[in-house]
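Biologist: I am new to this structure and should like to understand how its descriptive terms are justified. May I put some questions to you?

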Amino acid sequence: MKASPAPLRCELVPLTQQQVSFRIDGREVTRWDFDQSASKPCFFPLNGPDSGESLTRMGHPGAPNHDHHRSVWFAHHKLLGIDFWGIGSTTRIVQREWFVYEEGDAQARMAVLLDWLDGHDPQPLIEQELIATLSPLDEGEYTLDLQSTFRPRASEIEFQQTNFGFLAVRVARSISGHFGDGVITGASGETGEANLFGKANAWMDYSGPMRAQSPGDGTVTEGITYFDHPANPAYPAKWHVREDGWMGASACRDAPLITTPDKPLRLRYLLHVHRGSVDPIRAGTLAHTWAAQPWLRVAKSTRPHYQFELQAMNDENAAAS
């Protein structure tokens, strides 16, 4: 009798209600939620290795006018003067189609195409190709690598100067500094909003207490380290960070970014979901290893029954093509 193959460690499971479950060893660690009724897609939850609960949240703990804060999400405040960030706008970011789901023992990858719509023209202002790679680490930790390529429909388009964009993270209440007992730490070693807001850092971390998975075990410390890639414009980014529980690398804080069809804007970020407080030495090692990994691109597949596949490209092409 032929032996049954062992299940793959990293899986992507499409679900109802326009969601995709990202799983490691059968345990869901996050979901990609692209519900068309929402203003933009997001990753939620982002579960901790020990608590099993989400280290991120939907919305602000104390401000109902911040419901556009959607756990881990992409947005920008000023695209041709149009707000793709806040609520009350006609703008939407919607998933047009998925290209690739890849599963394996070392990682699982998803590539999708997102349309940035202004609410008036049915044609998108920008197409965002998103490649998300989930990789397991030891003791239930994992990373989520988020590589985006932004291509305009017009001959040129400007992401204007702003603090808000492109990738934002809203942490759980207990991890925030204001509503909980969390701590923000930058690659500089400084802590707290006053020392980190608007300052250049290669990475930013939010860590704090979460309820333990087993009843009666009290709390555990967990966190998220958010890395900026050396090939990103204006690296190391200046950060918009708040004690109330959110952090974002401000790619356009000091200057706008121009993108064209021939030279699309490429951005890459990494989220490390970890046990305990941030370890700066380990964060530096992880950043170095990640920076050496090749960029990916979506290409027409040469394999039968597949429409697209992911291929590696060198850093020069990633930054300039």
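Biologist: What makes strand S11 and S16 a pair, and how many bridges join them?

Modeller: Two strands pair if DSSP finds at least two bridges between them. Strand S11 (residues 165-170) is joined to S16 by 3 bridges, so the definition is met. The two strands run antiparallel, and Arg170 has Trp246 as its bridge partner in S16. Please note that this is a predicted model, in which local features need pLDDT of at least 70 and side-chain atom pairs count only at pLDDT 80 or more, while totals for chains, interfaces and linings use all residues. Residues are numbered from 1 along each chain as its sequence is written, and side-chain values use heavy atoms, with hydrogens and water left out.

Biologist: Which strand forms a hairpin with S16?

Modeller: That strand is S15, with 3 residues between the two. Strand S15 (residues 238-242) runs antiparallel to S16 and is joined to it by 5 bridges; one bridge partnership is that of His240 with Gly248. In the turn, Gly245 has a positive phi of about 115 degrees.

Biologist: Why is strand S16 described as largely enclosed?

Modeller: A residue is buried under 20% relative accessible area, exposed over 50%, and partly exposed in between (1.4 Å probe, protein chains only). In strand S16 (residues 246-250), 5 of the 5 residues are buried, so the strand is largely enclosed by the rest of the structure. Trp246, Gly248 and Ser250 point one way, Met247 and Ala249 the other way, and all are buried.

Biologist: How do you know what counts as a strand, and how many are there in the protein chain?

Modeller: Helices (H or I, at least four residues) and strands (E, at least two) are DSSP runs, numbered from the N terminus. The protein chain has 20 strands and 3 helices.

Biologist: Which strands are called the edge strands of the open sheet?

Modeller: The open sheet has 8 strands in the order S6-S7-S8-S9-S18-S14-S13-S12, with antiparallel pairing. S6 and strand S12 (183-186) are its edge strands, since each pairs on one side only. Neighbouring strands of the sheet are turned by 20 degrees against each other on average, direction ignored. At one edge, strand S6 (residues 92-102) pairs with strand S7 (residues 108-117) over 9 bridges in the antiparallel sense. A hairpin of 5 residues joins S6 to S7, and Val94 stands opposite Asp115 in S7. Elsewhere in the sheet, strand S14 (residues 219-228) and strand S18 (residues 265-275) run antiparallel and are joined by 7 bridges.

Biologist: Which helix lies across this region, and at what angle to S18 does it run?

Modeller: Helix H2 (residues 280-291) lies across strand S9 (142-152), strand S13 (203-211), S14 and S18, and runs at about 145 degrees to S18. Axes are lines fitted to C-alpha atoms, for helices over the stretch in contact, and angles run from 0 to 180 degrees between N-to-C directions.

Biologist: Why is Leu270 called buried?

Modeller: Leu270 has 3% relative accessibility and therefore counts as buried. This residue belongs to strand S18, where it is the bridge partner of Phe227. Contact means heavy atoms within 4.5 Å; leaving aside neighbours within four places in sequence, the contacts of Leu270 include Leu144, Tyr226, Leu286 and Trp290.

Biologist: Is Ser301, in the loop between strand S19 (295-300) and strand S20 (308-313), buried or exposed?

Modeller: Ser301 is buried, because its relative accessible area is 16%, and the limit for that term is under 20%.

Biologist: What makes a group of residues a nonpolar core, and how many residues has the largest?

Modeller: A nonpolar core is a set of buried Ala, Val, Leu, Ile, Met, Phe, Trp, Tyr and Cys residues joined through side-chain atoms within 4.5 Å. The largest has 60 residues, and Phe22, Trp32 and Phe166 are among those with the most contacts inside it. Apart from it lies another core, of 9 residues, among them Val100, Leu113, Leu296 and Phe308. In soluble globular proteins, nonpolar side chains tend to be buried together.

Biologist: How do you know that the radius of gyration agrees with a compact globule?

Modeller: The radius is taken over C-alpha atoms, and the globule rule is 2.2 Å times the number of residues to the power 0.38. For 321 residues a compact globule would have a radius near 20 Å; the protein chain has 19 Å, which agrees. Buried residues make up 52% of the chain.
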